Amino acid sequence: MLGRKKQKKKNMPRIIDIDILVHGESIIETDQLVIPHPNIIHRKFVLIPFDEIATDFKIPHINLTVNELLGRCADRSMVRL
């Protein structure tokens with residue numbers, strides 16, 4: 001099963017952990033997978049680069065563009081290159 005396991009040693013090999021943000025206009029809700037990613041609206045580090053490549057992409061189920069979500073995002077963390 002894919003997922004992140006808590007381990008003490010830094011840079012140890014681990015099982016892959018992939019966050020799928022969107023898949024076109026698909027909406028998927030299972031015990032193992034939710035698309036669009038439920039926390040996409042809360043993460044500026046995701047929305048800023050997403051906005052750079054697809055500013056007008058409308059997130060399914062939320063019905064707002066990436067740029068609109070970025071403007072509404074309450075995340076105040078610093079995102080730098």
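**Lysine 58**

I started with lysine 58, which counts as partly exposed because its relative accessibility is 48%. Worth jotting down now: this is a predicted model. Lysine 58 sits in strand β3. I then looked up which residues lysine 58 is in contact with, skipping neighbours within four places in sequence, and got Asn63, Leu64 and Thr65. I also checked a C-alpha to C-alpha distance: lysine 58 and leucine 69 are 9.5 Å apart, with their positions 11 residues apart in sequence.

**Asparagine 63**

Next I went to asparagine 63, one of the contacts of lysine 58. I found asparagine 63 in the loop between β3 (58-59) and β4 (64-65). Buried or exposed? Asparagine 63 has 52% relative accessibility, so I put it down as exposed. I took a C-alpha separation here too: 28 Å from asparagine 63 to leucine 81, which is 18 residues away along the chain.

**The core**

Then I pulled up the largest nonpolar core, and it has nine residues: Ile40, Val46, Leu47, Phe50, Ile59, Leu64, Val66, Leu69 and Cys73. Where do they come from? I see α1 (44-54) and α2 (66-72) each supplying at least two of them. The biggest giver is α1, with three residues. My background note: nonpolar side chains tend to be buried together in soluble globular proteins.

**Valine 66**

Last, I picked valine 66 out of that core. Again leaving aside neighbours within four places in sequence, I listed its contacts as Leu47, Phe50, Asp51, Ala54, Thr55, Phe57 and Ile59.

How values were computed:
Residues numbered from 1 in each chain as written. Predicted model: local features only at pLDDT ≥ 70, side-chain atom pairs only at ≥ 80, totals over all residues. Heavy atoms only, no water. Helix = DSSP H or I, 4+ residues; strand = E, 2+ residues; numbered from the N terminus. Buried < 20%, exposed > 50% of the residue type's maximum accessible area, 1.4 Å probe, protein only. Core = buried A, V, L, I, M, F, W, Y, C linked by side-chain atoms within 4.5 Å. Contact = heavy atoms within 4.5 Å.
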